[in-house]
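These are my notebook entries on a structure that I examined part by part. I set down what I looked up and what I found.

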Amino acid sequence: MNKSDFAHPQRIVNLRARFDLESEKFQGIDALIVSQMENVRYLTGFSGSNGLVVLTKDKALFYTDGRYGTQAAKEVPGFERIVLPAGSISLIAAGEWLRDNHGAGIDCIGFEADHIPYSAYLTLEQTLDPDDRAQQAVFPRSGDVEAIRAIKDASEIAKIQAACQLADACFEHLCGFIKPGMTEARVAWELESFFRTQGAQKLSFDPIVGSGPNAALIHGRAGDRVLGSSGGPEFVLMDFGCVLDGYCSDITRTVVIGGEPTEKMRHIYDSVLAAQLAALSAIKPGVEGKSVDTLARELLKNAGYGEMPHGLGHGLGRVVHDLPLPTFSPKATVTLVAGMVATVEPGIYIEGLGGVRIEDDVLVTSTGCQRLTLATKELRVVGN
């Protein structure tokens with residue numbers, strides 16, 4: 001089979017190259033069962049909800065059920081497609097094929113240990129070789145597809161960039177929409193409505209809209225608090241994103257409502273912005289993600305705001321928390337490589353007053369990083 005028959009041929013080539021990879025955690029394999037749906041979609045282009053891939057060194061099989069026969073024929077070129085009757089279990093069918101092809105050199109079979117339940121593993125093991133498991137066995141593997149997913153190709157970058165452009169447009173729309181007297185929930189509904197009417201498939205995650213003291217809730221959800229109800233200037237923190245053509249955006253902007261910001265509010269905002277700009281300047285191939293986090297974290301400490309209570313950023317792609325994960329945090333072990341996409345989102349949160357977070361999505365390039373979210377980071381007063 002010519003590799004060009006696949007929707008994403010290089011992804012298949014890159015995954016097969018990992019079959020001979022051995023470490024302290026796992027051994028080399030002759031075949032890999034891919035069951036995690038985002039990994040299946042990444043390899044095949046399939047957009048349905050039920051699919052499984054078996055990849056050997058010279059075969060590529062895709063399993064789904066009767067609901068998706070026509071869809072799979074259109075979306076999954078290059079694979080041998082097996083459409084199962086209703087009620088069949090793809091994992092068992094895949095195991096039976098692997099068992100029947102034992103004589104073709106398929107002895108060591110890998111499965112996605114991070115994604116398959118123990119009960120399914122036992123079923124697979126029994127299906128493969130119930131009489132003599134010494135001849136054919138399954139082995140846990142970890143991170144094979146994810147390692148490839150961490151480096152975005154040109155088509156993925158274009159899709160993420162389009163999702164980011166829509167997030168930028170949403171922020172501009174919100175700045176003209178927000179008024180004192182609205183609830184946080186009303187703002188959240190408006191941003192979701194905007195995304196939907198502009199073609200997004202869904203939101204990347206439940207949006208965060210926190211006003212006044214609620215802006216200090218790092219992952220607070222939009223509630224019934226009325227914007228501007230403090231009677232003075234207050235922060236409104238908005239963290240949101242959309243899924244467009246299967247890829248996510250994730251942006252945070254903080255604005256002020258109810259009057260001009262106080263000197264303290266400006267200092268908080270400027271400190272967060274300075275930390276973010278410094279982090280962006282430090283991002284380039286070969287840099288450790290942990291060191292970028294440390295840089296921003298120390299700047300916030302030196303500004304007088306103590307320890308930042310979360311990591312500086314995470315990978316972004318088909319899911320909002322994608323590989324590499326974590327990217328920028330005290331526990332990150334990632335060394336940056338061109339093609340990685342991640343968020344950069346320092347924040348300061350003060351109980352009773354509110355908080356500021358500024359988040360951009362960035363692409364690691366050969367010489368540094370490129371911002372994919374381009375909405376202004378000037379401190380804006382809205383609702384006047």
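**Entry 1: A loop residue with positive phi**

I began with Asp-245, which lies in the loop between strand E10 (242-244) and strand E11 (247-248). The model is a predicted one. I looked up the backbone of Asp-245 and found a positive phi of about 55°, although this residue is not a glycine. Most residues other than glycine have a negative phi. Is Asp-245 buried or exposed? Asp-245 is partly exposed, because its relative accessible area is 45% and the partly exposed class runs between 20% and 50%.

**Entry 2: Asp-239**

I turned next to another aspartate, Asp-239, in strand E9 (residues 234-240). Asp-239 counts as buried because its relative accessibility is 4%, and buried means under 20%. Which side chain does the side chain of Asp-239 join in a polar contact? I found Thr-252, at 3.2 Å. I then listed the contacts of Asp-239, leaving aside its neighbours within four places in sequence. Among them are Phe-205, Pro-207 and Ile-208, as well as Glu-345, Arg-357 and Glu-359.

**Entry 3: Gln-136**

I looked up Gln-136 in the loop between helix H5 (118-128) and strand E6 (137-141). Gln-136 has a relative accessible area of 2% and is therefore buried. Which backbone oxygens does its side chain reach? I noted the backbone oxygen of Leu-98, 2.9 Å from a polar atom of the Gln-136 side chain. I also noted the backbone oxygen of Ile-106, which the side chain of Gln-136 reaches at 2.8 Å.

**Entry 4: Helix H4 and its cover**

Leu-98 led me to helix H4 (residues 90-100), where Leu-98 is one of the buried residues. The others are Ser-90, Leu-91, Ala-93, Ala-94, Gly-95 and Trp-97. What covers the buried residues of H4? The cover includes H5 and several strands, among them E1 (31-34), E2 (52-56) and E5 (108-112).

I then examined how H4 packs on H5. Their axes are 8 Å apart and form an angle of about 30°. H4 and H5 are therefore roughly parallel to each other, since angles under 35 degrees count as such. Their crossing is right-handed. From H4, the contact is made by Leu-91, Ile-92, Gly-95, Glu-96, Leu-98 and Arg-99, and from H5 by Ala-120, Thr-123, Leu-124, Thr-127 and Leu-128. By class, I recorded six nonpolar, three polar and two charged residues in this contact.

**Entry 5: Helices H7 and H8**

I looked up a further helix pair, H7 (residues 154-177) and H8 (residues 184-197), whose axes are 10 Å apart at an angle of about 135°. That angle makes H7 oblique to H8. The crossing of H7 and H8 is right-handed. Residues of H7 including Leu-166, Cys-170 and Phe-177 meet residues of H8 including Val-187, Leu-191 and Phe-194. The contact of H7 with H8 has 10 nonpolar, one polar and two charged residues.

**Entry 6: Two cis peptide bonds**

I finished with the peptide bonds. Most peptide bonds are trans. The bond from Leu-323 to Pro-324 is cis, with omega near -5°. The bond from Leu-325 to Pro-326 is cis, with omega near -10°. Where is Pro-324 found? I located Pro-324 in the loop between helix H10 (289-302) and strand E13 (341-344). Pro-326 is found in the loop between H10 and E13.

Notes: Residues are numbered from 1 along each chain as its sequence is written. This is a predicted model: local features need pLDDT of at least 70, side-chain atom pairs count only at pLDDT 80 or more; totals for chains, interfaces and linings use all residues. Side-chain values use heavy atoms; hydrogens and water are left out. Helices (H or I, at least four residues) and strands (E, at least two) are DSSP runs, numbered from the N terminus. Buried means under 20% relative accessible area, exposed over 50%, partly exposed in between (1.4 Å probe, protein chains only). A polar contact is a pair of N or O atoms within 3.5 Å; within protein, one must be able to donate a hydrogen and the other to accept it, and residues adjacent in sequence count only if both atoms are side-chain atoms. Axes are lines fitted to C-alpha atoms, for helices over the stretch in contact, and angles run from 0 to 180 degrees between N-to-C directions. Angles under 35 degrees count as roughly parallel, over 145 as roughly antiparallel, 65 to 115 as roughly perpendicular and the rest as oblique. A crossing is left-handed if the near helix is turned anticlockwise from the far one by less than a right angle, and right-handed if clockwise. Contact means heavy atoms within 4.5 Å. Ala, Val, Leu, Ile, Met, Phe, Trp, Tyr, Cys and Pro count as nonpolar, Asp, Glu, Lys and Arg as charged, and the others, Gly among them, as polar.
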